[in-house]
Amino acid sequence: MFRYLPLFTSAILFAAAAPAQPLPNNKHSDPLDRFFQIDTWLPTPNAQRTASGAPGPAYWQQRADYEIDVTLDDRNQRISGIARIDYHNRSPHTLNYLWIQLDQNRFETDSDSALIRSAPSLAPRTSFQSMNSILAGLVFDGGYKIESVTDAGNAAIRHAIVKTMMRVDLDKPLEPGKSTQINIRYSYNIVDAKMMRARGGYEFFEEDENYIYEIAQWFPRVVSYTDYTGWQHKQFLGRGEFTLELGDYTVRITVPEDMVVTATGELKNSDKVLEPTWIERLVEARKSEKPIFVITPDEAKENEVRRSEQTKTWVFTAKNVRDFAFAASRKFIWDAVGVDVGGKKVMAMSFYPNEAEPLWSQYSTEAIAHTLEVYGRFSFDYPYPVAISVNGPVYGMEYPMICFNGPRPEKDGTYSKSTKYGLISVVIHEVGHNFFPMIVNSDERQWTWMDEGLNTFLQYLAEQEWEEDYPSRRGDPEKIVPYMRGGNQRPIMTGSGEILQFGSNAYAKPATALNILRETILGREVFDFAFAEYARRWKFKRPTPSDFFRTMEDASGVDLDWFWRGWFYSTDHVDIAIENVKLFQIDSGDPDDDAERKRKERDAREPTLSKQRNAELPKRIDWQPGLKDFYNSPAYDELTVEESARKSFQKFLESLEDDERAMLSRTTNFYVVRFSNVGGLVMPVIVRIHYGDDSSELVHIPAEIWRGNSQHVDKLFLSDKEIVRLQLDPRRETADTEESNNHWPPKLVPSRFKLFKDKKPKNPMQKANGEEKEKPEDKDDDEDEDAPDKKS
């Protein structure tokens, strides 16, 4: 028998969660079942990709090896070259043609990328830089000029260019297990990456008339042919990045003799292109514990004034990479250090101009080394011989073994906090991309989150190991709250080209989801094992989302379908509320105890307003005493216990076992708390319970509590102490979007506003009179004409 004691509850009425949005292939009848298994949404397991998430016994992927000779024209900012591609058909399919990516065609004035670009915000004002960028795109002669496509015998091959793709028709079908060679001679104009948004290009320095070239997507690359989509030839519109085959590269880069070149892979002719002093310093750097200069700032400054008419050819080789990029300039400072990775030395190196100092020599190479160490612990040892960071016009872009990073100090050498940490973070992020997707070779053109989201998650972990209170922009659940609370969203599982709010959707939300999965759902040890297993399984292979989801469940031993459904397949958000609290206590049934309790409750209750005022009124029974009887006498008390009730209770006690009689005397409080899922995304219920003796405890209830009803759930809490306060998610670990409903009793969360003083604007006459008084009589007219330009 229980007594219900009503407690103060919130007056706020919480709406039930709105029905979930339609999900892909959803044949399930109940859209509110957040625990519906998502197997029917995932591809059917097969011999290529197993139900455990691992590559199957019949897994295959294509391979493309490249030998490229390229020349950088520093006078005309132009690339020309010939790419020899050995394509190996490891699929079980016969291929009649190959598809080639021509990414530079995005810069043609009539490209789809240019035509579908929405209008910029011009009003109320637009910067000169923005306007220059708009105008430059109208006149830039961009895109590949394909001079020839030939076979191994130099015979012409029929081909057709389709926007940013080129189909090469093979003279005879390429059967499984066979290889073919195609040669493509090409050229293109390099984009000014400070003028037009691009993933590679040049930056011009007016002071010394030098360039920094960051060259990417610079050669025709084979389109990936996969078991899950065939040819991945979605057109390149600028956002969805790249899906590429692994292979070996030999690249010969011809540049002006006084330029320094860095690239994907290992330099094979250092004795012909490097100064002897630089080679000696490289040997020293390999053994050093901190970065040392290979090319010093003074040497780089001296090199800026040279203008050689001669050329040098730098030869690089790279094994088992999916792409190749390089950078070249007269302005480069070069520093390096050897990093121990799994018992071998990896050369961490940075290239940057004097304009990047003092920031770059202090942080860039150290950030590379830090990334290799931290990422390696969560995935696998970095397998390549070098890792390079280059400062230039591109703010952040990644390629195998090399990345381009933009933050620089001001001209006077000072820098803001955001610039410092922006540099460290972007280096960590872009170097981290070597792991995802350069090695775990996911399909960027289709699934941006599989590399950007996973990499941003690991970036957060690396940042937190850099220094205490590192100002990470993404990763902590509370930082995703504004996005989750807002609108104009699409699920994470959206194709790269259709994503809304790109940075929040593809970077921040998946990174936050994985952090929550690690900290709150699985725990660090279980998560870390499962995540590393995914990385190891798919190292140098091409995973899909289902492979990631299945591996994480397979290696953790936890059913996470509800988590993938909520975080990756929906736009629901987390908003769990305390709707009400009820208190129950055991009623022993003792009639005397019951009467005494009721008597105290009656005596403690304040009389009603009417009863207080009616007390002064004359009563008829007082002047007609004959109206009084037993029920008006002091002898009568409606709470008096009859002897028969006592005997009945005693008989009940005698029928009980000893433990049952002891249970009747318990003073335990039974609190029933109703939680409401306002946001729709089911999550664990994490509640801190505060007791009357000033103690507290944190209770973690798994998300499975919502299985029976994803909108409301009642949870029983037993305590011998009085509960005085409840707080949901006190450590802000679930990205709950509404703090005001996380408290019982309700707690006001203030919003602040500022006061301002009204100021009446001057009328035109006042402005004219004021300007006349302020204008100096002897002000130089030419200086006055220059002033607006200087301000702009």
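Which residue in β14 is the bridge partner of Glu67? In this predicted model, the bridge partner of Glu67 in β14 is Thr250, and the legends below begin with the sheet to which this strand belongs.

**View 1. An open sheet of seven strands with mixed pairing.** Read across the sheet, the strands follow the order β5-β8-β3-β2-β14-β18-β16. The two edges are taken by β5 (145-151) and β16 (266-267), and because each of these has a single partner strand, one side of each is left without a neighbour in the sheet. Within this order, β2 and strand β14 (residues 247-256) pair in the parallel sense, and six bridges join them. Two of the residue partnerships can be followed here: Thr250 in β14 is the bridge partner of Glu67, and Arg252 in β14 is the bridge partner of Asp69.

**View 2. The hairpin formed by β2 and β3.** Eleven bridges hold β2 and β3 in antiparallel pairing, and Ile68 stands opposite Ala83 in β3. Four residues lie between the two strands of the hairpin, and Gln77, which is found in the loop between β2 and β3, deserves attention for its backbone. Gln77 is not a glycine, although its phi is positive, at about 50°.

**View 3. A salt bridge between Arg84 and Asp69.** Side chains of opposite charge can pair when their charged atoms come close. Here the side chains of Arg84 and Asp69 meet at 2.8 Å, N to O. Arg84 belongs to strand β3 (residues 78-88) and Asp69 to strand β2 (residues 63-73), and the pair links distant parts of the chain, with the two residues 15 residues apart. The structure as a whole holds 48 salt bridges. Asp69 also appears in View 1, where its bridge partner in β14 is Arg252.

**View 4. An open sheet of four strands with antiparallel pairing.** The strand order in this sheet is β9-β10-β19-β15. At its edges stand β9 (201-205) and β15 (260-263), each with a single partner strand, so one side of each is left without a neighbour in the sheet. On average, and with direction ignored, neighbouring strands of this sheet are turned by 10° against each other. For β15, the pairing with strand β19 (residues 326-329) is antiparallel and consists of four bridges, and Val261 stands opposite Ala328 in β19.

**View 5. The packing of helix α6 against helix α9.** Two packed helices are described by the angle between their axes and the distance between the axes. For α6 (residues 359-378) and α9 (residues 449-464), the angle is about 115° and the axes are 10 Å apart; α6 and α9 are therefore roughly perpendicular to each other. The crossing in which α6 passes α9 is right-handed. On the α6 side the contact is made by His370, Val374, Tyr375 and Phe378, while α9 contributes Asn455, Leu458, Gln459, Leu461 and Ala462. Sorted by class, the contact of α6 with α9 has six nonpolar and three polar residues, but no charged residues.

**View 6. Two cis peptide bonds, one leading to Pro358 and one to Pro745.** The peptide bond from Glu357 to Pro358 is cis, with omega near 10°, and Pro358 sits in the loop between β21 (344-352) and α6. The peptide bond from Trp744 to Pro745 is also cis, with omega near -10°, and Pro745 has its place in the loop between β31 (743-744) and α20 (764-774).

Conventions
Residues numbered from 1 in each chain as written. Predicted model: local features only at pLDDT ≥ 70, side-chain atom pairs only at ≥ 80, totals over all residues. Heavy atoms only, no water. Axes fitted to C-alpha atoms, helices over the stretch in contact; angles between N-to-C directions. Parallel < 35°, antiparallel > 145°, perpendicular 65-115°, else oblique. Left-handed = near helix turned anticlockwise from the far one by under 90°. Contact = heavy atoms within 4.5 Å. Nonpolar A, V, L, I, M, F, W, Y, C, P; charged D, E, K, R; others polar. Pairing = 2+ DSSP bridges. Salt bridge = Lys/Arg side-chain N within 4 Å of Asp/Glu carboxyl O.
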